[in-house]
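Colleague: I would like a close look at one part of this model. Please take the interfaces and keep the answer connected.

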There are 4 protein chains.
Amino acid sequence: MSNNEVALIIGGGPGISASCARLFCEQGMKVAVAARNPDKSVLRALQEEYGVGLYQCDAAEPDSVSDLFESVCKDFGSPKLVVHNIDGRSRDIFRKSITEADPALVLDVLKNSTFSAFLVGQQAAKNMLQEKADAAGLRGTIIFTNASAAVKGYPKSGAFAAASHGKSGLAQSMARELMPEGIHVAHVPIDAAIGWTQEDGTRAHRLAGTSVDDNMADPDRIAETYLQLHRQHRSTWAFEVILRPWVENW
Amino acid sequence: MSNNEVALIIGGGPGISASCARLFCEQGMKVAVAARNPDKSVLRALQEEYGVGLYQCDAAEPDSVSDLFESVCKDFGSPKLVVHNIDGRSRDIFRKSITEADPALVLDVLKNSTFSAFLVGQQAAKNMLQEKADAAGLRGTIIFTNASAAVKGYPKSGAFAAASHGKSGLAQSMARELMPEGIHVAHVPIDAAIGWTQEDGTRAHRLAGTSVDDNMADPDRIAETYLQLHRQHRSTWAFEVILRPWVENW
Amino acid sequence: MSNNEVALIIGGGPGISASCARLFCEQGMKVAVAARNPDKSVLRALQEEYGVGLYQCDAAEPDSVSDLFESVCKDFGSPKLVVHNIDGRSRDIFRKSITEADPALVLDVLKNSTFSAFLVGQQAAKNMLQEKADAAGLRGTIIFTNASAAVKGYPKSGAFAAASHGKSGLAQSMARELMPEGIHVAHVPIDAAIGWTQEDGTRAHRLAGTSVDDNMADPDRIAETYLQLHRQHRSTWAFEVILRPWVENW
Amino acid sequence: MSNNEVALIIGGGPGISASCARLFCEQGMKVAVAARNPDKSVLRALQEEYGVGLYQCDAAEPDSVSDLFESVCKDFGSPKLVVHNIDGRSRDIFRKSITEADPALVLDVLKNSTFSAFLVGQQAAKNMLQEKADAAGLRGTIIFTNASAAVKGYPKSGAFAAASHGKSGLAQSMARELMPEGIHVAHVPIDAAIGWTQEDGTRAHRLAGTSVDDNMADPDRIAETYLQLHRQHRSTWAFEVILRPWVENW
């Protein structure tokens, strides 16, 4: 693959999205980032430093997602690498017992996580299938970030388990459908807390005396795996890669 | 458990729901069946023969589900066995490639399957937790019927894979949360086509020369497994049981 | 199925095997139990009370296993229900780190668990396939008891994880191969400590103030599930059932 | 990690082992390859071109494996990357029904695959734990190659399913035990036929009109994934990566 491909990252924040944007830019890609609110300092910084394109998008709204792809295609070209990086979990649904969970918020997490993954996956597939495959027969890569809850349904986490498992099922179906078409669909549950860059520029960490890289998933390293998945030869495509820190209990 | 317990089956049709209603009644339970349209001949027949209570319910609507439980509690008493038996798949979403699937229908299947499972599971748990446990410490059983798509994401089945996986994740989370409270949560993917009674009273079957029992899951037998799960001693609770016919390829 | 079928239980002790023998006898079956050392008081008691046949067998030795089936066929008839109930784990391998495990003991656990499961499964299948199927097309049931280690590889448990996973893989292959021949192959990991009858006749339990049924898998209840699996209609065969107590953490 | 680390590959042939040896040498590593018969032209060629060390080893024999590690440590230094690449399946066990499989060959496949994986894993862990961790806290990487049969037990494949599942269980247990010690344990089932270099230098392929890279797993690409796993940062270690060609049915 050439290095000036277009990458589109949906769900923009200071963690995986920012790390992906930075790494993909450094690899020579043209990068677009979409977020419900793209006016965040970490995204503005990426725009200034690397020319990353910023887009407003509500990924749970069909029209908003199709508009996004149209704009990115017009501005940069058809994306060859699409990352769906939305967790969808609001603070108000976190650690709620099944009896306490507010139905409206449960539906929201299903929409923001599972349904938005469908909308993004659909537009990504449509775009990739419209373009001619490259010389190696490849059309592109679609990566779904997911959470521990995709692998195990934890107590007091019913809505999030449902949404994360749902995203996993969607990704699996898309992989079986699209891989023979030359589209690498990958599902990456991060079975860990994810480190991030704090406002003062330092990296967050969980345990005193350890660096962020030690006991939390470092988003820069997650981005490396995403790049490897994108570059992985089609004779050996991995569908699912669960990433966890060395000290994680599983 | 006494035999005059209340059972509530959500999602009423001529397959598993009718078989469950019949078997549970024969076991002495008081049975309520809820359906979007309860005015079906198979349900009316159950009402006449066994006194099954029929309820109109849109299981994807929070108020409709809470109203249902209120009515059933008033009419029969608090349900000790609740079966969520909604597939949620409309014909128009069936075997659609990811690019062809209509987003509105995808959201519908998520609502009708995963979200309705949450709503039903939540009301069931609320009711069971409000009641005193019986002498053996048991509060009741919640069973989620599911499909092959809960176990494997098939191509051209993204929306259904998402909804079915989502229901599976929800069930798992609820099991870990509620089993220690004396509520047996079970998840039963039926990895097969399910037989049913046709209008002329004969049973449907798939292959010439075989009976329905041979190559399709017989709903009467599924109902037996549900009853066993409900009666299963809490020292050996099964969470997941995948049922498939002997000749099924898997 | 008629009730005077022959059941053969391999691996005889005071837990699952004794409970199965008792229940199967009470159901009218003719029961044989094989053990490395069949001269145990719990087995002698079953022999006296129910006429259970006791056989000496080293289930890791091909000739010993084929001799066993020959003897049982001659004494009772061809077994329709075979339970492989050998854990294979010696005390000396328990909780050993990978660096401390004695290779000779590791090979022993592979032989006593996985390889003996193969030998027993092979003889069971041979016998069942030689007999005519019954009117319902059934030839019999083969049940493999397994441990938590079949589902998850715990640290300091490498040999046991290998042996238990191996037994699981064997069972899965046999299920896919033999179910279409009318043989129900089932795999039952018990994800818990298992209660047992102590020398003084009382039941063992783990936590003060709770009964054995509460926090350990009660072998009498495990036996009930085995009977249900044997009686389960072939239109809805379960391959795998993981049993765990309601309070178990998983 | 420095680039002059020692890599040890157990199970030497023209497929994954040769590709790994070549790639690891090109990365500056000192590479040792052990095989039951190291006198193969493909291995001799690696010895001549890259200085790969060749060792005779029966990996199912405890003494042979400990001798191997001793020799490699003496000749090259303590291995930081160990690949267990033994399938263990003899032609005579292939596609045998459960009733036809020769018990002696079944035990052989368990020894050659599962037990040898234990022996190699144990020696690798011992060596890595004896050495000081590097500045990043890393002690090394142990990779177990596995087959489709590790993921699914196919019919007429009982022995191989048992051995492959067994290896998987071992790897999982070792990962949970050793990752917190700074050893990256990875399990890589190749869900596909694997291409190889034929005697005449051409690459084998399965379907007319396609290249080896298209429809079989290319061992050169598998080797790339192994190198990535070895280099993967410990904040995001993948335990399991299933590799399959884009056109594979799964």
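How much area do chain A and chain B bury between them, and what percentage of it is on carbon and sulfur atoms?

Modeller: This is a predicted model. Chain A and chain B bury about 3,200 Å² between them. Carbon and sulfur atoms carry 72% of that area. Three residues of chain A stand out here. A:Ile98, A:Thr99 and A:Glu177 supply 20% of the area that chain A buries against chain B, more than any other three residues.

Next, the contacts. On the chain A side, 39 residues are in contact with 40 residues of chain B. No salt bridge is counted between chain A and chain B. Polar contacts are another matter: 18 residue pairs are counted between these two chains, with both residues at pLDDT 80 or more. Two elements of chain A give two or more residues to the side that touches chain B, namely α4 (103-130) and α5 (158-178). The most comes from α5(A), with 14 residues. By class, the side of chain A that touches chain B holds 19 nonpolar, 13 polar and seven charged residues.

Now the interface of chain B and chain C. Here the buried area is about 2,800 Å². Carbon and sulfur atoms give 56% of it. In chain B, the residues that lose the most area to chain C are B:Arg234, B:Trp246 and B:Trp250. Together these three make up 29% of what that side buries.

The contact count is 31 residues of chain B with 31 residues of chain C. Again, zero salt bridges are found across the interface of chain B and chain C. Polar contact is found for 10 residue pairs across it, both residues at pLDDT 80 or more. Several elements of chain B build the side that touches chain C. At least two residues each come from α5 (158-178), α6 (212-215), α7 (219-231) and β7 (237-244) of chain B. The largest share is that of β7(B), with eight residues. The classes on this side of chain B are 15 nonpolar, eight polar and eight charged residues.

Symmetry comes next. A turn of 180° with a shift of 0.0 Å along the axis lays chain B on chain C, with an RMSD of 0.0 Å. The two copies are therefore related as by a two-fold rotation axis. Within chain B, B:Val241 has the C-alpha nearest that axis, 3.0 Å from it. Both copies use the same surface: 100% of the contact residues of chain B recur in chain C.

One residue of chain C rounds this off. C:Glu131 sits in the loop between α4 (103-130) and β5 (140-147) of chain C. Its relative accessible area is 38%, so C:Glu131 counts as partly exposed. Setting aside neighbours within four places in sequence, C:Glu131 is in contact with C:Ser78 and C:Arg139. As for C:Leu43, 88 residues from C:Glu131 along the chain, the C-alpha atoms of the two are separated by 29 Å.

To recap the two interfaces: α5(A) gives the most to the side of chain A that touches chain B, while β7(B) gives the largest share of the side of chain B that touches chain C.

How values were computed. Residues are numbered from 1 along each chain as its sequence is written. Chains are lettered from A and ligands numbered from 1 in the order in which they are written. This is a predicted model: local features need pLDDT of at least 70, side-chain atom pairs count only at pLDDT 80 or more; totals for chains, interfaces and linings use all residues. Side-chain values use heavy atoms; hydrogens and water are left out. Copies are superposed by least squares on the C-alpha atoms of residues with pLDDT of at least 70 in both. Contact means heavy atoms within 4.5 Å. Helices (H or I, at least four residues) and strands (E, at least two) are DSSP runs, numbered from the N terminus. Buried means under 20% relative accessible area, exposed over 50%, partly exposed in between (1.4 Å probe, protein chains only). Buried area is the accessible area (1.4 Å probe) that two parts lose on being put together, summed over both. A salt bridge is a side-chain nitrogen of Lys or Arg within 4 Å of a carboxyl oxygen of Asp or Glu. A polar contact is a pair of N or O atoms within 3.5 Å; within protein, one must be able to donate a hydrogen and the other to accept it, and residues adjacent in sequence count only if both atoms are side-chain atoms. Ala, Val, Leu, Ile, Met, Phe, Trp, Tyr, Cys and Pro count as nonpolar, Asp, Glu, Lys and Arg as charged, and the others, Gly among them, as polar.
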